[in-house]
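Here's a quick briefing for anyone meeting this structure for the first time. Take a look at the model, then read on for a couple of spots to find in it.

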Amino acid sequence: MGIQVLLIEDDETIAEPLTEGLAHFGLTVDHVTTGAEGLRRPYGDVVLLDLGLPDMDGIDVCRGIRQVSDVPIVILSARGEEADRVLGLELGADDYLAKPFSVRELVARVRAVTRRTQRTQEAAPEPVYEPGPLAVDRRTRQVWVGEVQVPLTPKEFELLALLTEDPGAVYSRQQILDRVWDPHYEGPTKTLDVHVAALRRKLGHPAWIQTLRGVGFRLAVHTGPSEPT
Ligand code: CA
C-alpha cells in the first residue's frame, strides 16, 4: 500500500507541485493550509509540517501531534528557521528538510522515517547493513568498503553501527554519547568529534557521515548516479 501523507503547508506555490511530485512517486497527499486543520485530520503514515503557518506556530502543531501520536513528522523549514528546526527535533519531529528541496530528496526522507517506525514495530534491524559500497556486519563486527575490510576500534564500530540503525536519520550528539559511551555521559563531547573524524578517515569517504551543526550526525552513503546532487 502506498504511503499516506498529511501535508500542512500554507504556501500553494510549494504545496501544489509537491503534491503532484509526491503522487508521481506513489504517495497519497492530504493537503491542509492551517495548523488547526492539520491537528484535526487523520495523520496518515507521515506528517510534512511547514513551520510558518498563518494561524499558529508550526512548533505548536508539532507538539500537539506528539501529544497524541507517534506518527513520523518531517519539518519543512525555510531559511532562518534553524532554531525552530532544532526545537522541532527536540519536540519529537523525526527529520527536517530546508527549503528549497527536491521531491526526490523528500521522498527519500519520508521512506526513511516510515521504514523506521515500521521497523520498531516489527523487529530488530538486519545484522548486515549494506548500502552500496559500505557493508557493516553487526554480528561479526566487520566493516567493508568495497572489497577492503576496514579495521575500527570498538567505539568507532559502535558509533558507525548506531548510525546504520536508522540510515539517513539524525542522531543528536547526546543520543550518540548515551548509546556509544554511557547513559548520561558527561565527559568531554570533543571525544565524539575525534571519533567521527577517525571514522571518516578510515572509511575514506568523509561525506558519508554528515554533520548537522548544532544538532548531530547522520549517515548518508551515496549509492549511485541517481543520487540528487
Ligand atoms: Ca509557510
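Along the chain, the donors of the calcium ion follow the spacing D-x39-D-x1-G. D10 and D50 tie together distant parts of the chain, sitting 40 residues apart. Keep in mind that this is a predicted model.

**The calcium site**
- Three residues coordinate the calcium ion: D10 and D50 each through OD, and G52 through O.
- The coordination distances run from 2.2 to 2.3 Å.
- To find D10, look in the loop between strand 1 (4-8) and helix 1 (12-24).
- D50, on the other hand, belongs to strand 3 (residues 46-50).
- D10 has 31% relative accessibility, so it counts as partly exposed.
- D50 is buried, as its relative accessible area is just 4%, and buried means under 20%.

**Where helix 6 meets helix 7**
- Two packed helices are described by the angle between their axes and the distance between the axes.
- Here, the axes of helix 6 (residues 154-165) and helix 7 (residues 173-181) come within 10 Å and cross at roughly 125 degrees.
- That angle falls outside the ranges for roughly parallel (under 35 degrees), roughly perpendicular (65 to 115) and roughly antiparallel (over 145), so helix 6 and helix 7 are oblique to each other.
- The crossing of helix 6 and helix 7 is right-handed.
- On the helix 6 side, the contact is made by K155, E158, L159, L162, L163 and E165.
- Helix 7 brings I176, R179, V180 and W181 to the contact.
- Sorted by class, the contact of helix 6 with helix 7 has six nonpolar and four charged residues, with no polar ones.

Terms used:
Residues numbered from 1 in each chain as written. Predicted model: local features only at pLDDT ≥ 70, side-chain atom pairs only at ≥ 80, totals over all residues. Heavy atoms only, no water. Donors = N, O, S within 2.8 Å, 3.2 Å for Na, K, Ca; no water. Helix = DSSP H or I, 4+ residues; strand = E, 2+ residues; numbered from the N terminus. Buried < 20%, exposed > 50% of the residue type's maximum accessible area, 1.4 Å probe, protein only. Axes fitted to C-alpha atoms, helices over the stretch in contact; angles between N-to-C directions. Left-handed = near helix turned anticlockwise from the far one by under 90°. Contact = heavy atoms within 4.5 Å. Nonpolar A, V, L, I, M, F, W, Y, C, P; charged D, E, K, R; others polar.
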